[in-house]
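Trainee: Could you take me through one part of this protein slowly? I would like a close look at the places where something could be held or enclosed.

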Amino acid sequence: MIFKKTFALVICLFSLEAFSNETAHEVRLKGELNPEKSMELLKNGNNRYATSHPRHNGADLKDRGKLVSGQKPYAIILSCSDSRVPPEIVFDQKLGEIFVVRTAGQSLDYAAIASIEYGVSHLGSNLIVIMGHESCGAVKAALATLKGGDAGSPWLNKLVTDLHPHLKRFSELSQTDGVVVESWANVEGVAHDLLERSEVIRNLVQSGDVKIQNALYHLESGQVEWR
Ligand SMILES: [Zn+2]
């Protein structure tokens, strides 16, 4: 009996967590918007998306009106440009909530770095998520050109060259399912590059004001895995 009650309580708490509709605006009003809380908002949003329980507020005339005078996105998402991985949908976030930077393979050119710097320095975002995904074409292209070869154009060659150091250790190995292992390595490499290339972000991370979090999106389940 006690077991049954405990089990029911656990299920109930899990359900509340999984479908929490709390918004960043509500958390900010309570003065609780730190990097850990930002993570929780994204995890809750991804749970809603993956289980098909999306929020229905946050994108109407009233919401647009509130945002005319400015924006305070709580998190920055650097993700791939892949059409199957739109962060606003994957995290069930609405207008003004997340600041999104997208490049193929999360490649970190000057514009991507500057955009992230702007988000943390001027908009008050306290969390940077580097999100790769299963079956990433940019990761596959970088793997295919590790020993040389043409990716298709000078700019594409530049992009894959930037990813190569993250993937060097896979040059003699066959690709894993959905290049998941290689995509994780790329995410970790991008996070490392971001800290190395941006003094602004390095200082904010060292002071604890901003956190960098690695993530990987799974195409079929819709779930974001965190590391
Ligand atoms: Zn991709």
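Mentor: Here is a walk through the zinc site, then the two largest pockets, and then one buried residue.

Please keep in mind that this is a predicted model. Let us begin with the metal. Which protein atoms are the donors of the zinc ion? They are SG of C80, NE2 of H133 and SG of C136, and they lie 2.1 to 2.3 Å from the ion. Written along the chain, the donors of the zinc ion have the spacing C-x52-H-x2-C. C80 and H133 therefore link distant parts of the chain, as they are 53 residues apart. C80 belongs to the loop between β1 (75-79) and α5 (87-90), while H133 is in strand β3 (residues 127-133). Are these two donors buried or exposed? Buried means under 20% relative accessible area. C80 has 5%, so C80 is buried, and H133 is buried as well, at 1%.

Now let us turn to open space. Rolling a probe the size of a water molecule over the atoms shows where empty space is left. The largest pocket has a volume of about 470 Å³. Its lining is made of 18 residues, and H25, K66, L67, L95 and E97 are the closest to the pocket's centre. Two elements, α2 (24-29) and α4 (61-66), each give two or more residues to this lining. Of the elements, α2 gives the most, with four residues. What kinds of residue line the largest pocket? Three are nonpolar, eight are polar and seven are charged.

The second largest pocket has a volume of about 200 Å³. You can find its lining by looking for T103, S107, L108, D109, W155, K158, L159, D162 and R197. Helix α8 (residues 154-167) gives the most to this lining, with four residues. By class, the lining of the second largest pocket holds three nonpolar, two polar and four charged residues.

Last, have a look at N186, which lies in helix α9 (residues 180-197). N186 has a relative accessible area of 0%, so N186 counts as buried. Which residues is N186 in contact with, once its neighbours within four places in sequence are left aside? The contacts of N186 are G105, Q106, V139, L163, H166 and L167. Try selecting N186 in the viewer together with these contacts, and then go back to C80, H133 and C136 at the zinc ion.

Key:
Residues numbered from 1 in each chain as written. Predicted model: local features only at pLDDT ≥ 70, side-chain atom pairs only at ≥ 80, totals over all residues. Heavy atoms only, no water. Donors = N, O, S within 2.8 Å, 3.2 Å for Na, K, Ca; no water. Buried < 20%, exposed > 50% of the residue type's maximum accessible area, 1.4 Å probe, protein only. 1 Å grid on protein atoms, 1.4 Å probe; cavity = no way out; pocket = protein on both sides within 12 Å on 5 of 7 lines; lining within 4 Å. Points joined across faces, edges and corners; volume = space filled by probe spheres on them. Nonpolar A, V, L, I, M, F, W, Y, C, P; charged D, E, K, R; others polar. Contact = heavy atoms within 4.5 Å.
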